[in-house]
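Grab a coffee and work through a few exercises on the model below. Try each task yourself before you read its solution.

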Amino acid sequence: MSWNWESFVFALVAFGILYWLLSKYAFGPLLATMEERRKLIADQMNSADASRVQAEQMLEEQKQVIQEARKEAYQMIEQAKLTSSKQAEQIVDKAKSEADRVKEEAVREIESEKNKAVAALRGQVSAMSVMIASKIIEKQVDEKSQEELVNHYLNEVGGSK
């Protein structure tokens, strides 16, 4: 193999021209495209980080909203329990007062009926007394037989209750 200086110089000049042409027309736009791509990737990574941070914030907010909703639901349940127990107490109190009213009314009615019965009994006793008196007048009896007669009529009245 022989070494030829002319071809070496020619190859070196051709390489220099090709390098200059490539740096002027290819390397510049290629490096600019690569730089744009690098910026785009960096922007996308920054955007992804921002989205991740925003998603974490939203997740935390949602957790807080859910926690507040649970607290409100618990409070509503407790309030409903209190309200229902108060209503139950009111219903029981109302039933007791109604029962007391019915009882008092029944006692008054019993007392009224008792008074009517006593009045009727007095009327019967009066009638019996008149009848006894008329029988005594018809028949003159001594004191002992009169007492027996009164007791007899009183026993009849007492037994007819």
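The exercises go from overall shape to salt bridges and then to a surface patch.

A quick note on conventions: this is a predicted model, where local features need pLDDT of at least 70, side-chain atom pairs count only at pLDDT 80 or more, and totals for chains, interfaces and linings use all residues. Residues are numbered from 1 along each chain as its sequence is written, and side-chain values use heavy atoms, with hydrogens and water left out.

**Exercise 1.** Work out how the protein's radius of gyration stands against the globule rule.

*Solution.* Start with the secondary structure: two helices and zero strands, taken as DSSP runs (H or I of at least four residues for helices, E of at least two for strands) numbered from the N terminus. The radius of gyration is 61 Å, well over the 15 Å that the globule rule gives for 161 residues, so the protein is more spread out than a compact globule. Here the radius is taken over C-alpha atoms, and the rule is 2.2 Å times the number of residues to the power 0.38. Next, check the box: along the principal axes, the C-alpha atoms fill roughly 190 × 30 × 15 Å. Finally, buried residues come to 3% of the 161, with buried meaning under 20% relative accessible area, exposed over 50% and partly exposed in between (1.4 Å probe, protein chains only).

**Exercise 2.** Find the salt bridges that Arg-38 and Glu-105 form, and place them in the helix.

*Solution.* The structure holds six salt bridges, each a side-chain nitrogen of Lys or Arg within 4 Å of a carboxyl oxygen of Asp or Glu.

- Arg-38 pairs with Glu-35, with closest N and O atoms 2.4 Å apart. Both sit in helix H1, three residues apart, about one turn. Arg-38 is partly exposed at 48%, and Glu-35 is partly exposed at 32%.
- Glu-105 pairs with Arg-101 at 3.1 Å, N to O. These two also lie in helix H1, four residues apart, about one turn.

One more pair is worth a look: Lys-116 bridges to Glu-113 at 3.8 Å. Shared partners also join Glu-98, Arg-101 and Glu-105 into one network.

**Exercise 3.** Which residues make the nonpolar surface patch of about 1100 Å²?

*Solution.* The patch is made by Trp-3, Trp-5, Phe-8, Val-9, Leu-12, Val-13, Ile-17, Trp-20, Leu-21 and Tyr-25. Patch members have over 30% relative accessible area and no salt bridge; like charges are joined within 9 Å, nonpolar side chains (Val, Leu, Ile, Met, Phe, Trp, Tyr) within 5 Å. Now locate one of them: Trp-20 is in helix H1, residues 5-138.

Methods: Areas by Shrake-Rupley, 256 points an atom, 1.4 Å probe, with all protein chains shown as cover.
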